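Hi,

Here is the structure I said I would pass on. Have a look at it first, and then read my notes underneath.

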Amino acid sequence: MIPTAAPETVHRRRVAGERLPWPFLVLAFAAIAFFALPFLGLLGRAPWGDLWSILTSDSALTALRLSLWCSLCASLAALLFGVPLAWMLARVPFPGSGFVRALCTLSMVLPPVVAGVALFYGLGRRGLVGQYLDRWFGFTLPFTTTGVIVAQTFVAMPFLVITVEAAFRQQDTRFEDAARTLGASRWYVFRRVTLPAIRPGLVAGAVLAWARALGEFGATITFAGNFPGRTQTMPLAIYLANEIDPEEAIALSLVLVAVSFGVLVALRDRYLGGGRPPHA
Amino acid sequence: MFAAASLTESFTEVGEAFGAANPGATATFSFDASSALVEQITQGAPADVFASADSANMDKLTEAGLHGGEPVIFATNLLTIVVAPGNPLGITGVADLADADLTTVICADEVPCGRYATEIFAHAGVTVTADSLEQNVRGVVNKVTAGEADAGVVYVTDVTAAGDGADMVEIPEDINVLAEYPIATVEGSGSAEVGETFIEFLTGTEGQAIMAEYGFGAP
């Protein structure tokens, strides 16, 4: 339950302690077990003895490096384009904004393979725009690292957009108005007033987008293909390894699980809605 | 029934004919790379019958002690080069695939069609650097029919199945690989009898006629 009352009330309720009815407790614990069990299974099957040699093999390091690079680039691209988009959706009323919002978050709910196929017909060598990239610049996205980043950005950016849009909406615009009346420029107000105020939402959105990009599989293999060092990210390497050497697949999976879990734990208290509100 | 990706169209039709010939029995399929399927079965996926694109993956099932009956070969297939309709780039054979300007895709080494492609390149004495190593043979075909790749190495039957979407450039027999497709029931299957009946149907006259229609060779 999220306390919505004034801070004093929150404090009193915390002291009294929250008592859940026992059926709720049972269901809550069932939910925790449901999330924990698959990972316990993974840990149980892990080849602990060979773990180090598997993870430091060239193929594993190549895939890991590519995954980190691509997901980082995708997050930066999501920030660069997503923040202005979120700002527009939150602050500028325009006809059809609901339609635009649906369009810009569609790739978040679509099966990633569909996203990959759609990217083909938009940005592929025969795609709506892609054919001109090829014809005019001799540049094609599929089978390139840039293609991986494009695919990851396509499915990950909506996570940033909806989080940051919510932050923009919750923000009290009177501070910005006050700064403006005191003679601050638009850019100054954005940097010194708006940005600090939406920072938690910004960080949460960027991290969610990054985590989604890191785990991206379907759109990547469909649009960018699979080639070690160029387009084979960790999830693709895991999928193929699982067909001949499940132990290697488990070892690689552990890295992704550990990295993602670590980041979520580190950020959760401050930014992802757990714990106290950041300014309490 | 778990069947190799290259059997998608042929098995769907065999399944329909089987259902018509055996009222009350329906064949439902899961198609993917043989290597992916055998991994799923050893992890306990509920399969009654497994049809593989190579003997190596059938052997994996045997090693895991999971096949019910002895595997039988029910079809053969050759490999070929898949190109865009009309072969606009005028590709003549495997040697052309070594051209770095050509966007070539093949299967990953982990799946049968990838291993076969590598064998063929070795027979022909060419070094091909693929632009993508796909997770199953349909991934290769799709990338060529979508126009993203110029050429790929797939089974003859995949090009037949693609219809007008693709053409093929034959690979000469002396460097080609003959892929043999084994099928077996899976140990612990809930409906082993229906599985046996399906295998009999598939290796019988009607089943073999359908397989031939899709370009498969007789065992």
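Something to try before you read on: is the crossing of α9(A) and α10(A) left-handed or right-handed? Keep in mind that this is a predicted model. The answer is that these two helices of chain A cross in the right-handed sense.

Some detail on that pair, then. Helix α9 of chain A covers residues 174-181 and helix α10 of chain A covers residues 186-215. They pack at an angle of about 145 degrees, and their axes are 10 Å apart. On the α9(A) side the residues involved are A:Phe175, A:Glu176, A:Ala179 and A:Arg180, and what they meet in α10(A) is A:Val189, A:Val193 and A:Thr194. Sorted by character, the residues of this contact come out as four nonpolar, one polar and two charged.

Stepping back to chain A as a whole, you will find 13 helices and zero strands, so to speak a run of α after α from the N terminus on. Of the 280 residues in chain A, 34% are buried. I also looked at how far along the sequence the contacts reach: taking those in chain A between residues at least 6 apart, 74% join residues at least 24 apart.

Now for chain B, where I spent my time on strand β4 (residues 72-83). Which strands does β4(B) pair with? I have three for you, β9, β7 and β8, each in chain B.

- With β9(B) (residues 178-185), the pairing is antiparallel over six bridges, and B:Asn77 stands opposite B:Ala179.
- With β7(B) (residues 151-155), the pairing is antiparallel over five bridges; here B:Leu79 faces B:Tyr155.
- With β8(B) (residues 167-170), the pairing is again antiparallel, over four bridges, and B:Val82 sits opposite B:Met168.

Last, the place where the chains meet. How many residues does each chain bring to the contact? Chain B brings 17 residues and chain A brings 17 residues. On the chain B side, the elements giving two or more residues are α2 (34-42) and β6 (132-134). The residues on that side of chain B divide into seven nonpolar, five polar and five charged.

That is what I have for now. Shout if you would like to go through any of it together.

Cheers

Definitions and conventions: Residues are numbered from 1 along each chain as its sequence is written. Chains are lettered from A and ligands numbered from 1 in the order in which they are written. This is a predicted model: local features need pLDDT of at least 70, side-chain atom pairs count only at pLDDT 80 or more; totals for chains, interfaces and linings use all residues. Two residues are in contact if their C-beta atoms, placed from the backbone, lie within 7 Å. Ala, Val, Leu, Ile, Met, Phe, Trp, Tyr, Cys and Pro count as nonpolar, Asp, Glu, Lys and Arg as charged, and the others, Gly among them, as polar. Two strands pair if DSSP finds at least two bridges between them. A residue is buried if 20 or more other C-beta atoms lie within 10 Å of its own, exposed if 12 or fewer, and partly exposed in between; C-beta atoms are placed from the backbone. Axes are lines fitted to C-alpha atoms, for helices over the stretch in contact, and angles run from 0 to 180 degrees between N-to-C directions. A crossing is left-handed if the near helix is turned anticlockwise from the far one by less than a right angle, and right-handed if clockwise.
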